[in-house]
Structure formats: C-alpha cells, structure tokens
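Hi,

Here is the structure I promised to pass on. Have a look at it first, and my notes follow underneath.

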Amino acid sequence: MEVNILVGGAAGQGMDTVMNLLGKSLVREGYGLIYTKDYMSRVRGGHNFSTLRIAGGTPWTTVHSVDILVALNEETYKLHQHKLAPSGRVIYDPEVFTLPEEEDRGVPVELKNLAEEAGGKVMANTVAVGVLLVLLGMGSNTVEVLLEETFKDKEGMVSKNVNALKSGMSAAEKFCSACFPLPPKSEDSQKLFVDGNQVLGMAALGSGCRFLSAYPMTPSTGVMNYLAGKSKEYPVVVEQAEDEIAAINMTLGASYSGVRSLTCTSGGGFSLMVEGLSLAGMIETPLVIILAMRPGPATGLPTRTEQGDLEFAIHGGHGEFPRAVLTATSHEDAFYRLNKAFELADRYQTPVIFLSDQNFADTHRSVEPFDFGRLSYNRHLVEEDDYEKPYQRYRLTENGISPRAIPGQFPGETVLVDSDEHDQNGNIIESAEERNQMSGKRMRKLKALAEEMDEPDLYGDPRPETLLIGWGSTYGVLRETIDALSASGLKIAMLHFSDIWPLPQKRLRTLLPEVRLSCCVENNATGQLASLIRRETGLAVDKRINKNDGRPFMPDEIIKEVEKYHES
Amino acid sequence: MKADHFLLGETAWCPGCGNFSIRNALAGALAELNLPAEEVLICSGIGQAAKMPHYIKANGFNGLHGRALPPALGARIANKNLKVIISSGDGDSYGEGGNHFIHNIRRNPNIAHFIHNNQVYGLTKGQASPTSDPGMVTGVQVSGVINPALNPLALALVLGAGFVARCFSGEKEHLKETMKKAINFEGYALVDILQPCVSFNKHNTHGWYKNRVYFPEVSDPADWSAAMNLARQWGDQIPLGVFYNVPRPTFEDSLEVLSGEPLAKRPFEPNDVADVQNEFL
C-alpha cells in the first residue's frame, strides 16, 4: 500500500511549500516517505514538479506512477496525466484551466479564490494541502501545529493559513474522502524530515567544521545555506568567496591555521579548484570538498543530476598525491561518512572529496535522528612532548604521516608549508634525492589510507547469480530494484560503493568471478565505475546500464534492462 | 630583539636585487615590533618575491601563483592572534591574483600586504607585468607594452582601502617604518614597494627610481582626494609615503562569532551540537 503525489507548476508557484507542509506533517504522524524535486534553471515560469511517495517502512525512491496529481497549471496536467493511475485524482483550479471532457478524475477546487477569501492568494498552496488531507483521510491537527510554528512571528498569518487549510478541506469533501488510504505508520521514534544538503551541513557542524568558504553553485549551495543559517548560534564562519579558486585557497589557509574547514561546489567550480586540490596534496593540509555533481560538460544541465565526475574527482589536479573519494549513498550513511571524510583528511593530512549529486542533495526523506555521539573529532595534531625539536613540518616517517602542528602551537616553533617541492623543514629544494624522499613520504600514506576504505555494501541474495553494481545516490533505487527482482524469483544482489577511492576490492574479487551476470548501473554516459573496476582489478563487468539525461533512475527502468539481458 | 633574529637561510635572488632591502626591512620591522616568530604568518604566492617565507623566521604559507590573499584571510578567520603579512610580487598580486586583490580590499581583513613591484616578471624571465610602463620591449611584448599600467594605489583607494602607501627599496629606513605602521594598522594595509629588477628590467633601474622618488608632505592622511592625487603621480616625480590612513571596521570585527578565543583554540564535542537536528523533527 502506497500513495504517490506529484505537485507541478511554473517556477515560483510554490510546489515546495505544499510538499514541505504535507511532508513534514506526514512524518510527524509517523509515515515513512521520500520527496524529490525536478526543477529548471530559472526563477519564474517553466515547469517544475515535486514528487512525494508515502509507503510502508520508508521508501527508498520515488516512482513513475502518480495517484494524486496537483496541477497548478495546465501544462502540469498535460505533461504528467499519462502517469496517473486509473483510480487517480487531479487536483486543479477550474479558474486556471479546465480538464478535457473525457477526464473523470478531476477534483476542481478554486484554490486562488478560496485563498483570497481566507486572506490572500499567496495561501493557495495551503488550500491545496487542505484538499490533499481530505483525499488522504487525514485530520488537520498536525498541519495546524506546523502552521502555528511556521508563522508565529507573522501577525495574523496563522489564522489566515488555518482558514485556507479548512476551506480546502471543505471543498474537497464532496469529491473523494479518504479514497487514498495511507500505509501503516511506523512504530519507531519520531523521524527527521530532512534533505541531503541539510544532512551534510549537520554532519559538518557535528564534525567540528568551523569554516566554509564557497561560491554558490547548484546543487551544492544548500550546504552553504545550511551552515550560514547556523553561524549566529554556532562557532562557524561561512564566507562567500569571489570565485572557487579563492574558496579552496581560503579553506586551506584556515585548515593550515588549525580549524576543520570545508568547501563545496559542483563540477564547474571544482574545475577551478583543482590547482588548489593539488596544493592540498603537496602541502599535506587537511581539506574536505563536497562535490555535488550535475550534468556537464560546461554549464550542462545546472539543476539536474549526474554521476559524471567520478573520474574527475579521482584524477583532478596536476601531479600525484594521495586522496580519498567518498560518496553520499543514503541520508543515514552520508551523515556519518562526511564525518569520516573529516577524520581521514586530518589523519592523513590530505584532501578528501565527498561526492554528492543533485539527486541526493535535493531529496527529502524520513530518517532516524542521528547519533552525534558516533561522530569523532580527533585533530591528529602533534603533542608537546611528542616531536623532535626543532619542529619540522615534513619530518620523514615510516608511514609517511609527519607530526602536524599548527602556527602558534608551540613557543619558538614555526610551521612552513610550500607548494614547491620542499625539504623536511618546508623549504624549497630541487635535489633529486630530497624529491624522492618527499614524494615517497607522501605516497606512502596511500597504503594505510586504502585500508580505511569500507568494502561496498552487499544487499540481496548472499549467493547471487546476477549482481548490480552502483555507487553514490543510486543506492535507494537499486535497493528497490533488488527487492522487486528478488520477489520475482531472481537470485540477485547489489554491491554498492560508499568509499570509492582508493577502490576497495575484496568483495569485487570474490563476487565478480562467481556471478553469471554483472551490471554496473550509473547515472553517466560511459560507466566510469565499471572502467575503474577494470583498471584496478582487471575484472570486467558484463553490462553497463547508463542514464545521463539529467534525471535519476527509476526502478522500472533498471528492471527492464536487467530483464532484457536475462532474456538474451 | 634584533633584525638578525628573523633572518634565515640562503636566498635564491640575484645579487643587487631589491628584494634584499625589502627582506632586511621586514626583519627589522618584526624585530622592532617585538613579535614572536610563532605568532607571525607570512603568506605568498609564486615569484621571486614570493620566496620570502623561506628567508624570514616565521610561520609561512608559500602557496600558489596569485593566491596569497585567500589563505591569508583563511588564517585570520581561524586564528585572529596571528599577525598575517603577505610578501609577494606585482604579477602575483595584481595580475594572477587580481580578483582576490579587489575583493579583499572590500573585506578589509587585518592583513599587511607588501607588494614587491619591480614592474616586470622576474621568475619567468622578463615578460611585462600589469605595472610595466608602456613601451617597454620584452621577449613577448616585442613591439613594446601597449596597455597602460595598472595603478594599484589608485585602485585600492577607489575600493576603499584604509591604508595605502608607496615605498622604494632604496629608501630602507622609510620602508621599515612604513612596514611597522602597516603591520600595526587595523585592517587591510597596502604597501606598494618599488624595487629594481637587475636582471630583467633595464628601464626602471635603481638609478631611475632614485632620481624620481621624493617625500611629499602629507598633511592630512584622511584626505582621500589628496591621496588620490599622490597615487596618480608617475613619471619624473614619484611620491613616496603613507598617502591614506583611515581605519574602518575590519572583516574580523564584523563577525560576532570571532569575538573571544580564536576559532582554532576552542574545544569541541560533537554531542554538544546534537540539538541542531531538532528543527527537522
């Protein structure tokens, strides 16, 4: 039992208002849900829509089919009516457009007029929420509390919104009351209703990140907005840089001087950052970059999703230096994994790239509250009695990690870092011998770093005949694909990477030779993980299932591909 | 404290280079201000001037070409107890790093920016810099420089810089005293330091500068128009001195979160911020 709701209209019509109000109320009442956004790179006009799926447990992905279509304009109806279930309903404003005669699923409610009667047409979205509550058979208490919390500082707005909500409810009653029964509620504790960027922002704050410098770029900007919003209550500084070059160099300066620091961007900004990335490798200064991918090349599809920058993240930057690349799979995992990114950056004194994408960044899901006690904050700085005097920043060590001090930590001791090749003190050198020593020292860190990588998550049949391989934000859609195909009798499993570079290989080496069919499922054109696996292990993945139209996979698309390969 | 305390290492500069005087002045300024080396940070980009962090006993961040200012700002945010100084060249600061120059003057962080302006690219062997005089012939500008020279002092004044000065590496005592004022200035302080490049600039030689520089009387360092007039003088007469000196609120002072202990020294415990997730319930 599940209900799928799609709200669509022109940019600026407030689809998010409907979804946030309804979504949060549903989560407060104990329902599990996921809500995704599909929006254009424009501020007004065009066509944007949001999809909300309510299902038992917590759904991992949205799906194509729609039960309730909220069409704020005619275009929305035309574009999405083919997905509407036979028993579905279309909520629309008959003052805005009329449905074709043969369409008998309409729920005409004068959203704007009712809103104006309640106190202003801006509340048309609240009227729409009222209509939805009736169709879902829900009472209004939870939404009313939420309206109270949202508008308590705005004179008169609470009562106006409650009136708008109730007029939507009364208008809807004659059409279809509780005709979309909701799935059972979860018995678990109260859940969070949170999107990917908010999860990453919270994880950064909980990891002791005190500085973020970035240049706004979709879809990473939400992280910057989140931390900026906290900077009045928590000791974190957010500085909007003049460009991404400044952002990464500022971040490095703050990190060198002793605070956990972060920058976030998307592919175009990351392109500007790669010289700084190389600098981080050379000066061995901790750095975490959230790279929220969107389709390229160049400006590409600015508000859409892709996994096209995996190889760029692994190889970007001139010269050779150790780095780790971790990815955002689910909201639950990403929270703790971004903390791991900070830990690795500090322990190995090297850059860590955390790959997210628009699909992850903009998706809200109901999730268990996070356990901040599981986050670690260990700066891995050298202690007073623990270094050879005088202090040298790049002391040669067996594992390649030099004792790290920050400026001003010890009286009389200074810390020198240099983008040129340098000696143990940090001074410029050009001798072949010292170059070899220092390059060897840096690269030695890779060995232990590789051992820190988590093996990919195996979900499904423990002895699969078919194996789907993925990474990052496709985790949810692959899980639902595995559930569906397992139910139809396939011995199938998924192997999903969260830590991706250095590539963890044990499970790959065990499983790949055993399965009859392996498919790498990636939101890109070429199958970058499949190529990486081939390069690192010599093992070939049989098939590549790719999609790079800027939209996330839906389970039915992957199921169709897998079935096609099985038939052949 | 003596200047020698801050001198370190063997330099890679050409004999006769103006950088030696600038280095001595900087060491002298730090010594006379009695600054402990561990509380000083010298940031630089790339170029001959940018090698300064290797030759002065202090913390050093010798970063990327053009990128001395961003890490300097990051350092100030992380630890406002650090005295942050930038020592870098004209190509680094005004060319490759032009965007950071513009926006950090707007920000006004507490940073003293010493620009070794020899009007030529030294490390890459003699191409024009943004401040090269028109007509100067180089291996790249084969018919002579055609673009007018960038005027860093006028630009800084227009952008609202609070401390704008010009020095000459041959006027050592003045240079040292101006550096001390710039280091003590609360906010962004620009000191454009004219210096000869003995290897690649055969036009603006030590003698060329020596014959032109003079010390005008600056009766009111808060007179922006007078400062602008001095900044725009170039040619037979080149004025030296602090043209403008009017503090305004610094970037750091404008951030309430930075009051109190430097960020880098504050303790942290993840559980202390666990309540932050309650807004999503």
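Helix H15 (residues 475–487) of chain A lies across S16, S17, S18 and strand S20 (517–522) of the same chain, running at about 170° to S18(A). Please keep in mind that this is a predicted model. Helix H17 (residues 528–537) of chain A packs on the sheet too, where it touches S17, S20 and S21, and its direction makes about 130° with that of S20(A).

The sheet under these helices is open and has five strands in the order S16-S18-S17-S20-S21 (chain A), with mixed pairing. At its edges are strand S16 (457–460) and strand S21 (543–546) of chain A, each pairing on one side only. On average, neighbouring strands are turned by 25° against each other, direction ignored. Within the sheet, S17 (residues 466–471) and S18 (residues 492–497) of chain A pair in the parallel sense over six bridges; Trp471(A) has Phe497(A) as its bridge partner in S18(A).

Now to the contact between the chains: 56 residues of chain A meet 45 residues of chain B. Several elements of chain A supply at least two residues each to the side that touches chain B, among them strand S7 (192–195), helix H10 (267–283) and strand S15 (416–418). Helix H9 of chain A gives the most, with nine residues. This side of chain A divides into 30 nonpolar, 18 polar and eight charged residues.

Strand pairing also links the two chains: S15(A) and strand S2 (residues 59–62) of chain B pair in the parallel sense over three bridges. There, Leu416(A) has Gly60(B) as its bridge partner.

Best wishes

Methods:
Residues numbered from 1 in each chain as written. Chains lettered and ligands numbered in written order. Predicted model: local features only at pLDDT ≥ 70, side-chain atom pairs only at ≥ 80, totals over all residues. Pairing = 2+ DSSP bridges. Helix = DSSP H or I, 4+ residues; strand = E, 2+ residues; numbered from the N terminus. Axes fitted to C-alpha atoms, helices over the stretch in contact; angles between N-to-C directions. Contact = placed C-beta atoms within 7 Å. Nonpolar A, V, L, I, M, F, W, Y, C, P; charged D, E, K, R; others polar.
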